[in-house]
Amino acid sequence: MSQDNHQVRLAARPSGLPRESDWELSSEPVPVPGHGEFVVAVEYVAIDPAMRRWIAPTAFGEPVAIGAVMEASAIGHVTASEHPGFAVGQHVSGGFGVQEFARSDGTGTTKLDPLLAPLTAYLGALGIPGLTAYFGVLEIGRPRNGETVVVSGAAGGVGSIAGQIARITGCRVIGIAGGPEKCRWIVEDLGFHGAIDYKAEDVAGSLRELTPDGIDVFVDNVGGDILDAVLANLARGARVVLSGGVSQYNADETRGPSNYLQLIRARASMAGFITPDYEDRYPQARAEIAGWLRDGRLISREQIIEGGVRAFPAALVKLFAGENIGKLILATAPEGD
Ligand SMILES: NC(=O)c1ccc[n+]([C@@H]2O[C@H](COP(=O)([O-])OP(=O)(O)OC[C@H]3O[C@@H](n4cnc5c(N)ncnc54)[C@H](OP(=O)(O)O)[C@@H]3O)[C@@H](O)[C@H]2O)c1
């Protein structure tokens, strides 16, 4: 049976929130592995806020080229192999892109154990979001037992895990998220000690009430006004962890924190980090996260959108509208399945 590989390609560099017309659907024959290669049937693609940056002229590296298949972290299984290390049926994760099939030589590919955790958790707590939370909190934030930790984007993929790791470390954790449902979830199900609905509350005022002794660690996924509000209430020696700045990703010009002089008053530091810098420690971090998942101290929630690769443009918009709770993932089952 001949099968096509449906793909999503970048058609135009968007201004503001990406539109349907910034993408084009293409199809080509399913690739055949060359010597030392294998082919993956992609099952799930992570919908990441950073995708907006990967297609911008201001991307940290080379932006995705016009006409290229959109880059994406994904998971799937091997369907054909000329590679001695990857057998047909093996589940893998890697940067396979927004397409139904990908050819790989194994670079940047991780073998997955579907018996250890549901496959989608490898794009959640056991994937880049969980690893970002792990290294952001423990390596950059370095919270100590009893300290106060605030997390923005707290009901998202990274934020929900970051808050739980801080709680496991013995900290008092306050999450900032959009809407009552998200705020209820992080407190009632994830064990955060408090939540601020930034869409309904005065964030600076609520922070003063909920963190009367100041904030020791802030894990920021959002930037903008929320970052400014937190900077105003830092405790002495605070650590501000720059994980991301989703409020700025669709803006033509990034707005920096206007309240940064508060770092001087608080003798605080603010540091960014890139998760793949810790790649050699992923196995140890995954093992520890898997232990927390097993003993019920950590919850990984993934929200799956069906519809195949053609649903990708709408899925990305949903992410920026805050319609996801937990990690947003697109199921890429080939059309017609
Ligand atoms: N440093 C690294 O290596 C690294 C690696 C991976 C991810 N990250 C960063 O981690 C952050 C979270 O990524 P994720 O994959 O877990 O996404 P996510 O938090 O699951 O999804 C994005 C969330 O951002 C919030 N949001 C969207 N627009 C916003 C705005 N204008 N203002 C405030 N909040 C807004 C929405 O939640 P609300 O409903 O609460 O607004 C939305 O659900 C991103 O900034 C990403 O770039 C960093």
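**Figure 1. Aromatic pairs in the predicted model.** In this predicted model, the count of aromatic pairs comes to six. A pair of aromatic rings is described by two values, the distance of the centres and the angle of the planes. The views that follow present two of these pairs, then a cluster of rings, charged groups placed over rings, and the surroundings of the ligand.

**Figure 2. Trp23 and Phe312 form an edge-to-face pair.** The ring centres of Trp23 and Phe312 are 5.0 Å apart, and the planes make an angle of 85°. Trp23 belongs to strand β2 (residues 23-29), whereas Phe312 belongs to helix α9; the pair thus joins distant parts of the chain, 289 residues apart. Trp23 and Phe312 are both buried.

**Figure 3. Phe135 and Tyr278 form a stacked pair.** Here the centre-to-centre distance is 4.5 Å, with 5° between the planes. Phe135 lies in helix α2, and Tyr278 lies in the loop between β13 (269-272) and α8 (282-294). This pair also links distant parts of the chain, with the two positions 143 residues apart in numbering. Phe135 counts as buried because its relative accessible area is 0%, and Tyr278 counts as buried because its value of 16% falls under the 20% limit.

**Figure 4. A cluster of aromatic rings contains Phe135 and Tyr278.** Ring pairs connect these two residues with Tyr134, Tyr282 and Trp292.

**Figure 5. Charged groups sit over the rings of Phe60 and Phe86.** The charged end of Arg53 is placed over the ring of Phe60, at 4.5 Å from the ring centre. Over the face of Phe86 lies Lys111, 5.0 Å from the centre of the ring.

**Figure 6. Polar atoms of the protein approach oxygen atoms of the ligand.** A polar side-chain atom of Lys327 lies 2.6 Å from a ligand oxygen. For Tyr249, a polar side-chain atom is 2.8 Å from an oxygen atom of the ligand. Gly178 contributes a polar backbone atom, likewise 2.8 Å from a ligand oxygen. On its own, the ligand has 920 Å² of accessible area, of which the protein covers 88%.

**Figure 7. A shell of 27 residues surrounds the ligand.** Those that come nearest are Val158, Lys182, Tyr198, Asn324 and Lys327. By class, the shell comprises 12 nonpolar, 13 polar and two charged residues. Helices α2 (128-141), α3 (157-168) and α9 (312-320) each supply at least two residues of this shell.

Terms used
Residues numbered from 1 in each chain as written. Predicted model: local features only at pLDDT ≥ 70, side-chain atom pairs only at ≥ 80, totals over all residues. Heavy atoms only, no water. Near = heavy atom within 4 Å. Polar contact = N/O pair within 3.5 Å; in protein donor to acceptor, adjacent residues only side chain to side chain. Areas by Shrake-Rupley, 256 points an atom, 1.4 Å probe, with all protein chains shown as cover. Helix = DSSP H or I, 4+ residues; strand = E, 2+ residues; numbered from the N terminus. Nonpolar A, V, L, I, M, F, W, Y, C, P; charged D, E, K, R; others polar. Phe/Tyr/Trp six-rings, centres within 6.5 Å; stacked < 30°, edge-to-face > 60°. Buried < 20%, exposed > 50% of the residue type's maximum accessible area, 1.4 Å probe, protein only. Lys NZ or Arg CZ within 6 Å of the ring centre and 35° of its normal.
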